[in-house]
Amino acid sequence: MILLAAAGLNYVPGITDAEGRAFGIFALDLFDDSLHLASATWALGAAILGSRTSKVFLVIFGALYLGDGVFGFFTGYGYLDFGIFTNPSEGISLTVFRVLANLPHIALGAVALIAGLKFGRGV
């Protein structure tokens with residue numbers, strides 16, 4: 001549900017500002033929306049296929065999203081949308097905007113990774 005909500009942020013009136021940033025913090029484009037929808041579809045498929053597939057999803061997805069958020073702190077851009085490959089690094093920053101822009105990936109990634117590693121070990 002979180003991934004579907006992220007994909008829909010640009011399409012709810014009043015969420016984006018004049019510069020196209022959701023909540024005035026980060027900009028999502030069609031590529032970002034597609035990544036969120038693909039991740040949500042991947043999660044649904046894993047859930048349908050069972051607990052082992054779900055664990056694999058949680059570990060891979062969690063590591064990818066967590067890493068993307070960490071890269072965001074160090075460079076200002078993530079790798080999932082190829083931002084680190086197409087933009088020069090802005091360097092490390094712990095400003096409120098940088099934290100808020102990367103916190104969703106760090107939090108969601110960490111929760112997914114921990115859940116995948118810790119829960120259901122007997123599966």
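A pocket, as I use the word today, is an open set of grid points with protein on both sides within 12 Å along at least five of seven lines. The model is a predicted one.

I'll start with the second largest pocket, which holds about 240 Å³ of space. Its lining is made up of 13 residues, and those closest to its centre are Met1, Ile2, Leu3, Ala40 and Ala43. Four helices, α1, α2, α3 and α5, each supply at least two lining residues. The top contributor to this pocket is α2, with four residues. As for chemistry, 12 of the lining residues are nonpolar, one is polar, and none is charged.

Now the largest pocket. About 830 Å³ of space lies in it. Here 30 residues form the lining, and the ones closest to the centre are Phe26, Leu28, Ala101, Asn102 and His105. Which elements give two or more residues to that lining? They are α1 (2–8), β2 (26–27), α2 (30–49), α3 (51–75) and α5 (96–118). In the largest pocket, α5 gives the most, with seven residues. By class, this lining has 17 nonpolar, eight polar and five charged residues.

To put the two next to each other: charged residues number five in the lining of the largest pocket, while the lining of the second largest pocket has no charged residues. The main contributor is α5 for the largest pocket and α2 for the second largest.

Definitions and conventions
Residues numbered from 1 in each chain as written. Predicted model: local features only at pLDDT ≥ 70, side-chain atom pairs only at ≥ 80, totals over all residues. Heavy atoms only, no water. 1 Å grid on protein atoms, 1.4 Å probe; cavity = no way out; pocket = protein on both sides within 12 Å on 5 of 7 lines; lining within 4 Å. Points joined across faces, edges and corners; volume = space filled by probe spheres on them. Nonpolar A, V, L, I, M, F, W, Y, C, P; charged D, E, K, R; others polar.
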